[in-house]
Amino acid sequence: LSETVVFNVGGKLFEVLREPTLTLHGDSLLAQLAEDYDGSTPIFVEANPELFQYILEYHRRRKIFLPVTVSKESVLRECSALGLTPP
């Protein structure tokens, strides 16, 4: 398996490390989608590409720091759709 995983989110590509980024939240949809990822093509994720960076940040740090211009409710909705439950 590849050390990195590439997600296609609304046409925008995001490349992340499998370890430790995705393994910290093994039950999340992203971790499940990446389980058998062979690196041949990006994994399509139906999500908002502008908010996806914050989802990845939560996978990395277990925290999300949002600028005042980003809706907390929108990020929490994306988290929920992707199987994450931030505090």
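**Entry 1: Glu3**

I started with the contacts of Glu3 in this predicted model. Setting aside residues up to four places away in sequence, I found that Glu3 touches Val16, Leu17, Arg18 and Glu19. I then looked up where Glu3 belongs, and that is the segment before β1. Is Glu3 buried or exposed? I noted a relative accessibility of 65%, and the cut-off for exposed is over 50%, so Glu3 counts as exposed. I also checked the distance from Glu3 to Pro86, 83 residues further along the chain: their C-alpha atoms are separated by 25 Å.

**Entry 2: the fold**

Next I went through the secondary structure. I counted three strands and four helices in the chain. Their order along the sequence reads β-β-α-α-β-α-α. My next look-up was the radius of gyration, which is 12 Å; the globule rule gives 12 Å for 87 residues, so the chain is as compact as a globular protein of that length. For the overall dimensions I wrote down a box of roughly 35 × 25 × 20 Å, filled by the C-alpha atoms and taken along the principal axes.

I was curious about sequence separation too. Taking contacts between residues at least 6 apart in sequence, I see that 56% join residues at least 24 apart.

**Entry 3: the core**

How many of the residues count as buried? I have 38% of the 87 residues in my notes. In soluble globular proteins, nonpolar side chains tend to be buried together, and with that in mind I turned to the core.

The largest nonpolar core holds 25 residues, and the ones touching the most other members are Val5, Phe7, Leu22, Leu30, Val45 and Phe52. I traced which elements supply at least two residues each: β1 (4-9), β2 (12-17), α2 (29-34), β3 (43-45), α3 (49-61) and α4 (72-81). Which element gives the most to this core? My answer is α3, with six residues.

I picked Phe52 for a closer look. Leaving out neighbours within four places in sequence, I listed its contacts as Phe7, Val9, Phe14, Leu30, Val45, Ala47 and Leu82. Phe7, Leu30 and Val45 were already in my notes, among the core residues that touch the most other members.

**Entry 4: surface and charge**

Last, I looked at the outside. The accessible surface of the chain comes to about 5400 Å², and carbon and sulfur atoms account for 51% of that. I tallied 12 negative and 8 positive side chains, with the centres of the two sets 10 Å apart.

Methods:
Residues are numbered from 1 along each chain as its sequence is written. This is a predicted model: local features need pLDDT of at least 70, side-chain atom pairs count only at pLDDT 80 or more; totals for chains, interfaces and linings use all residues. Side-chain values use heavy atoms; hydrogens and water are left out. The radius of gyration is taken over C-alpha atoms; the globule rule is 2.2 Å times the number of residues to the power 0.38. Buried means under 20% relative accessible area, exposed over 50%, partly exposed in between (1.4 Å probe, protein chains only). Contact means heavy atoms within 4.5 Å. Accessible areas come from the Shrake-Rupley method with a 1.4 Å probe; for residues, only the protein chains shown count as cover. Lys and Arg count as positive and Asp and Glu as negative; His and the chain ends are not counted. The place of a charge is taken as NZ of Lys, CZ of Arg, CG of Asp or CD of Glu. A nonpolar core is a set of buried Ala, Val, Leu, Ile, Met, Phe, Trp, Tyr and Cys residues joined through side-chain atoms within 4.5 Å.
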